[in-house]
Amino acid sequence: KTGSSVKVQLSNQYLTLCEVEVLGDRTKNEEDDYTNIAPDGRAAQDSTGWNGAPERATDGNRDGNYWGKSCSYNGDLRDGWWNLAFQSKKLIDHVIIWNRDDCCSERINGVKVYVDNQLCDTIQYEEGVREYKVDCGTEGFVGKNVYIKAAPGQYLTLCEVEVMSDPKKSADGLVNLALHKPTAQSSTWAGTAISDRAVDGNTNPNHAGLSCSHTIGSGWWTVDLQNLYRIKKIVITNRMDCCSNRIDRVLVYAGPVFCGAISYKPRQIEYELECDAVTSEVKIVNFLTHLQLCEVEVYGLADPIKDDDDDNFIDGNESGIGDDKQSIVKCPAGSTIKSCTLVKGNVPDSTDGILVKPGQCSAFNGARGMGTTARAVCTPATTEDNPCNGPQLNNIVYVTPETRTKTPSVECPPGYDMSSCLFHSYWSHVSLDAAQGKVSHDSHVTPDNGVCSLPKCSTLDKAFCTLTAICQLVSPDEYAKSKCSTCDGYNCGEEEKCEMVEGKPTCTIKQTGCDDNNKCGSYGECKPVGTSD
């Protein structure tokens, strides 16, 4: 047999049970894909009768006997209602209501269930049925309130209300990327409050519910997203049965990006931090005291970032109508511009072109334009070791002319390839035909043998043109051959000097005495001896 409950009954005798064991195969049902978020909300009702407080309907007890003290009960026959309010908008798939069965079960007939002002459905009473599932649209409804309206002229009694939400999805269409992903933490309280509890899909804020992670003293917690994603926000469910103030000043990171510090607010269960970043890891740190996390949800785009996937583009705002109005695209923290182009407007008729800098590209509407839109492809910003012992080499760099000129020319540093070259001029509509012939309508200029250049682009005295070369690192060795094949281009520290060792520039420690064998320092004076010392 299959079922969700077992009842043992004996008539006319005391019933004494020392243990009940229910053995069988656990069958998966559709509710396994959803989480009951009702405990996260705050219950209220129009009035209370017979001590049936509204929060009884979300206490986790489905007992249908009212005298078991687990059913809510309003006290007014006119316009009765029960409401569950959440701190933030939720995507609600369906609502399950458990009816009273010791009396008056038919009162549920005609009860209406809403998410905010959206009607999910009206309940039709069926004799002998306790559990009523109310679907909220085909894709779920988004809202902050579950509102249950009593049938006309009837009391409203609710023995349990379960609000079911898909933990993988959010109200804004994003996906919880952290759910059931690998986690770790610096230490584990009592050996049982393990890190995985914070991504189990259970948002119960009570530590006794066995769904909160807990470190021993100050420490950290991290989740491996197992791929590179663009994330948008992080939601943390705080512990509420004790010590909720411990979350104050907890720090949240997405990879190397600092998302923010939490500011504690009494009675607040969820803390949401906006964090637009590209990362494969989220880390949470408490330097002050125990770190307690009852759930961590990392929301972002469902598809992983692929470095060579041009479909991972971002469109900017459409610029206003007017000369030099801009459409701007900004890459999320931790990433940079790989390419930029126009999806509305053309050069030179309506657009003045594109300017690029790290993490941002801007398209400029022309004097005769009706608005323009820029599109960027963002890629993770990475670095490689500098063969010249200098600062790290960025995977993508941008090169523009050092001075304003009518005949701009740019080329990439050694070891870099030019992936694109972009044109911009505030006077593009009066550019000479020779320059216009080299500029495509989407603002790109084709380089020639690694050099991107334009002939004289305007006859106006004040006019100038700008080119931006987007350069991708392909060969650190080529960079080294050009920049540091000798000590002239090699970087050493203040206490070091560069010497050629086996044909390669090498940093060695500077000698402080007269020669390599006599480093007197402050202990005496070194006197030269002979002609070579």
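This report walks through the nonpolar cores and some of the strand pairings of a predicted model.

## Reading the model

Residues count from 1 along each chain as its sequence is written, and side-chain values rest on heavy atoms, without hydrogens or water. As the model is predicted, local features need pLDDT of at least 70 and side-chain atom pairs count only at pLDDT 80 or more, while totals for chains, interfaces and linings use all residues.

## Two nonpolar cores

A good place to start is the largest nonpolar core, which has 41 residues. Such a core is a set of buried Ala, Val, Leu, Ile, Met, Phe, Trp, Tyr and Cys residues joined through side-chain atoms within 4.5 Å, buried being under 20% relative accessible area with a 1.4 Å probe, protein chains only. Ile337 and Cys361 touch the most other members. Elements that each supply at least two residues include strand E23 (335-344), strand E25 (360-365) and helix H2 (476-483); helices (H or I, at least four residues) and strands (E, at least two) are DSSP runs numbered from the N terminus.

Beyond its neighbours within four places in sequence, Ile337 has contacts (heavy atoms within 4.5 Å) that include Cys361, Val356, Tyr398 and Ile470. Apart from this core lies another, of 28 residues, among them Ile231 and Leu293.

## An open sheet

Next, look at the antiparallel open sheet of 5 strands, in the order E2-E4-E9-E6-E7. Strands pair if DSSP finds at least two bridges between them. Strand E2 (42-45) and strand E7 (118-122) each have a single partner strand, so one side of each lacks a neighbour in the sheet.

Within the sheet, E4 (residues 81-92) and E9 (residues 141-149) pair over 8 bridges, and Lys90 has Gly143 in E9 as its bridge partner.

Methods
Buried means under 20% relative accessible area, exposed over 50%, partly exposed in between (1.4 Å probe, protein chains only).
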